[in-house]
Amino acid sequence: MAHTPVIDGQCLLALPIEGLRRGHGSAVPVMAGWTADEWSLFEPMWENGPPSADELQSHFDEFGPPRPMHRAYLDARAARGDSTAPGDVWSAALADWMFRVPADRLLEANATAGRPTYGYVFTWESPVEGLGACHSLDVLFVTGTYTLAPDFAGSGPAADALARTMMDAWVAFATTGDPSTPSLHWPRFETDTRPIMVLGEQCHMVEGWHEEERRAWDGVIP
């Protein structure tokens with residue numbers, strides 16, 4: 001991003017993620033996650049619309065190693081039955097680059113240091129066509145304000161149940177350091193199996209969510 005922390009040798013001695021990997025941060029529990037379609041909210045900012053197939057390859061080339069990453073997204077999405085249209089693939093890659101992979105790196109660093117760590121992916125989809133589980137949508141459910149924007153957040157018994165589940169989990173985490181509740185067992189994140197909570201119409205644990213795409217960023221995002 002354009003504005004990032006500056007390592008000045010006094011206030012900040014290293015990148016925060018590197019500090020966590022070195023054991024800084026005491027025993028502070030961490031809960032971190034992302035929405036399944038983080039970048040869909042920003043697609044209208046594409047000046048020339050979604051990329052073509054050739055442009056998609058060029059975009060991936062900027063990250064490097066280019067073709068293995070490009071192939072990983074196409075193959076993984078095709079295997080799951082997800083869209084392989086260039087715009088959808090590029091939106092997924094940008095979401096991983098900006099949100100999912102950094103959050104995953106935080107979970108990994110904190111868990112490796114032996115601290116209580118919990119991960120999630122928010123999959124509830126907005127009724128607005130094309131948005132899916134977009135950036136910021138999860139905040140409305142955590143705060144219970146989804147009812148103020150039903151056209152954006154959705155409504156109904158399933159939405160009510162998800163909001164109650166998330167608010168209870170966040171309160172439990174804030175008070176005990178563990179988001180588990182009587183109705184939701186939330187195991188810790190571990191680096192070998194990478195279990196995270198899926199927060200959607202049906203809340204459940206999953207191991208290695210979109211693992212192929214995550215591994216594609218190894219060596220690209222530290």
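These are my notebook entries on what I looked up in this structure, which is a predicted model.

**Entry 1. The sheet**

I began with the strands. I recorded one open sheet of four strands, in the order β1-β2-β3-β4, with mixed pairing. The edges are held by β1 (30–35) and β4 (204–207); each has a single partner strand, so one side of each lacks a neighbour in the sheet. From one strand to the next, the twist averages 30°.

I noted for reference that strands of a sheet pair through backbone hydrogen bonds, either parallel or antiparallel. I then looked up the individual pairs. Strands β1 and β2 run parallel and are joined by six bridges. Within this pair, Thr-35 has Phe-122 of β2 as its bridge partner. Strand β2 (residues 117–122) also pairs in the parallel sense with β3 (residues 195–199), over three bridges. Here I found Tyr-120 opposite Met-197 of β3, and Val-121 has Val-198 of β3 as its bridge partner.

**Entry 2. The surroundings of β2**

My next question was how many of the residues of β2 are buried. Six of the six are buried, so the strand is largely enclosed by the rest of the structure.

I then examined the two faces of β2. In a regular strand the side chains alternate between the two faces of the sheet. On one side of β2 I listed Thr-117, Gly-119 and Val-121, and on the other Tyr-118, Tyr-120 and Phe-122; all are buried, and both faces are thus recorded as covered.

**Entry 3. Helices on the sheet**

Two helices were looked up for their place against the strands. Helix α4 (residues 86–112) packs on the sheet and touches β1 and β2. Its direction makes about 160° with that of β1. Helix α7 (residues 157–176) lies across β1, β2 and β3, and runs at about 160° to β2.

I checked the length of α7. At 1.5 Å a residue, its 20 residues should span 28 Å, and the end C-alpha atoms are 28 Å apart, so the two values agree. After α7 comes Gly-177, with a positive phi near 85°.

I also asked which residues of α7 are buried. They are Ala-159, Leu-162, Ala-163, Thr-165, Met-166, Ala-169, Ala-172 and Phe-173. An α-helix has 3.6 residues a turn, so residues three or four places apart point the same way. The buried residues of α7 pack against β1, β2, α5 (137–142) and β3.

**Entry 4. Nonpolar cores**

The largest nonpolar core has 23 residues. Those with the most contacts inside this core are Phe-122, Leu-137, Phe-141, Trp-186 and Leu-199. The elements that give two or more residues to this core are β2, α5, α7 and β3. Its largest share, six residues, comes from α7.

I followed Trp-186 further. Leaving aside residues up to four places away in sequence, its contacts include Tyr-118, Gly-119 and Tyr-120, as well as Ala-169, Met-197 and Leu-199. Met-31 and Met-205 are also among the residues that Trp-186 touches.

I recorded another core, lying apart from the largest one, with 20 residues. Among them are Trp-39, Tyr-73, Val-89 and Ile-221.

**Entry 5. Two residues with positive phi**

I looked up two residues that have a positive phi although neither is a glycine. Ser-136 has a phi of about 85° and is placed in the loop between β2 and α5. Arg-194 has a phi of about 50° and lies in the loop between α7 and β3.

Is each of these residues buried or exposed? Ser-136 counts as partly exposed, because its relative accessibility is 28%. Arg-194 is buried, with a relative accessible area of 7%.

**Entry 6. Cysteines**

Lastly, I asked how many disulfides the structure holds. A search of the whole structure finds zero. Cys-134 is in no disulfide, and its nearest cysteine sulfur, that of Cys-203, is 17 Å away. A pair of cysteine sulfur atoms must be within 2.5 Å to count as a disulfide.

I compared the setting of two cysteines. Cys-11 is exposed, with a relative accessible area of 74%, whereas Cys-134 counts as buried because its relative accessibility is 0%.

Key:
Residues are numbered from 1 along each chain as its sequence is written. This is a predicted model: local features need pLDDT of at least 70, side-chain atom pairs count only at pLDDT 80 or more; totals for chains, interfaces and linings use all residues. Side-chain values use heavy atoms; hydrogens and water are left out. Buried means under 20% relative accessible area, exposed over 50%, partly exposed in between (1.4 Å probe, protein chains only). Two strands pair if DSSP finds at least two bridges between them. Axes are lines fitted to C-alpha atoms, for helices over the stretch in contact, and angles run from 0 to 180 degrees between N-to-C directions. Contact means heavy atoms within 4.5 Å. The expected span of a helix is 1.5 Å times one less than its number of residues. A nonpolar core is a set of buried Ala, Val, Leu, Ile, Met, Phe, Trp, Tyr and Cys residues joined through side-chain atoms within 4.5 Å.
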